[in-house]
Amino acid sequence: MRFHTLASGSTGNCSIILAGKGSDQVTVGLDCGIAQRTARQFAESVGASLTSLDAVLLTHRHSDHSANIVPVAARAKAPLYAGEGALGTNSRTSWSELQRRDVEYRAIADRGSFKVGPLLITPIEVPHDAEPTFGFIFEADGQRAAYFTDLGRTEVLLEKGLLDGIDTLVLESNHDVTMLANGPYPSMLKHRVGGDLGHLSNDQTSELLAAAAPTSLKNLVLAHLSLKNNKPELALEAAAAGLAARGLSGVDVVVAPARGPLRESPKLF
Ligand SMILES: [Zn+2]
Ligand SMILES: [Zn+2]
């Protein structure tokens, strides 16, 4: 299995997952909040094609994830897997737009696993201010990967056994609490981001890792970093402290670039 983030953060999110071998190989798109053409180029640069996807997944309705998800599914002629409440809230993801573009919709639900070829996908509902919001666990080729961004609290991920066997974890590390408090956001937005239905701070991510990082973890990708309220070195430092508290060493930790594919982690890909 290969997992490539292509864009990550409030300016747009997009990932691509490849699993299986030979005629069994499948390619799955996850969110597309960046321009379709840009996403296509990023995918090509990692040897994947956004126009031949077997399935398209949507985490939630916020436009940094959903803006171009319908055109991507339409162009690839791939079914769109999303929570029911994730669609229909704006013109770009309206039901009539799906119909007009002839996109097949498939509903997903918390813990309702489904298969795309050899890839087993399990949606996990997380607390965020766009209900429903899902993270995903991916299993194929004897590997397990997970993707969790856009969540205000971590208790879902603390559930016993949920992260067991995960070797690659893409996990939100959105903001530094002090930078957010002293930063340029208006106070309503500060409360939203830092609140229970907002985004994970570096400290929350660190505490989660200290409590629940699985011993199987090899690759940790810190994702959805705020450009205004975080710095990669702060996120990396907090994650390293969490892993150390858990007694884990040898985990490859990187930050997903806001724009462009993650390349610097050969162990991951
Ligand atoms: Zn987001
Ligand atoms: Zn969101």
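This passage describes the domains, sheets and one helix of a predicted model.

The domain assignment of the chain gives two parts: domain 1 covers residues 1-113 and domain 2 covers residues 151-259. Their centres, taken over C-alpha atoms, lie 24 Å apart. Eight residues of domain 1 and 12 residues of domain 2 make up the contact. The side of domain 1 that touches domain 2 holds six polar residues and two nonpolar ones. Charged residues are absent from that side.

An open sheet is formed by six strands. Their order is 1-2-3-4-5-6, and the pairing is mixed. Strand 1 (2-7) and strand 6 (105-107) stand at the edges. Each has a single partner strand, so one side of each lacks a neighbour in the sheet. On average, neighbouring strands of this sheet are turned by 25° against each other, direction ignored. Helix 1 (residues 36-45) packs on the sheet. This helix touches strand 1, strand 2 (14-19) and strand 3 (26-32). The direction of helix 1 makes about 140° with that of strand 1.

Within the sheet, strand 4 (residues 55-57) and strand 5 (residues 80-82) run parallel. Two bridges join them. Leu57 has Tyr81 of strand 5 as its bridge partner.

Helix 3 spans residues 69-76. Its buried residues are Ile69, Val70, Val72, Ala73 and Ala76. These residues lie on the same side of helix 3, because they cover an arc of only 160° around the axis. In an α-helix there are 3.6 residues a turn, so residues three or four places apart point the same way. Several elements cover the buried residues of helix 3. Among the strands in this cover are strand 3, strand 4 and strand 5. The cover also includes helix 1, helix 2 (63-66) and helix 4 (95-100). Lys77 follows helix 3, and its phi is positive, near 55°.

Strand 12 (residues 219-223) is a further element of interest. Four of its five residues are buried, so strand 12 is largely enclosed by the rest of the structure. Strand 12 pairs with strand 11 (residues 168-172) through five bridges, and the two run parallel. In this pair, Val170 stands opposite Val221 of strand 12. Strand 12 also pairs with strand 13 (residues 252-255), again in the parallel sense, over four bridges. Here Leu222 has Val255 of strand 13 as its bridge partner.

Key. Residues are numbered from 1 along each chain as its sequence is written. Chains are lettered from A and ligands numbered from 1 in the order in which they are written. This is a predicted model: local features need pLDDT of at least 70, side-chain atom pairs count only at pLDDT 80 or more; totals for chains, interfaces and linings use all residues. Two strands pair if DSSP finds at least two bridges between them. Axes are lines fitted to C-alpha atoms, for helices over the stretch in contact, and angles run from 0 to 180 degrees between N-to-C directions. Two residues are in contact if their C-beta atoms, placed from the backbone, lie within 7 Å. Domain bounds come from an automatic or database domain assignment. Ala, Val, Leu, Ile, Met, Phe, Trp, Tyr, Cys and Pro count as nonpolar, Asp, Glu, Lys and Arg as charged, and the others, Gly among them, as polar. A residue is buried if 20 or more other C-beta atoms lie within 10 Å of its own, exposed if 12 or fewer, and partly exposed in between; C-beta atoms are placed from the backbone. The arc is that of the directions from the helix axis to the C-beta atoms.
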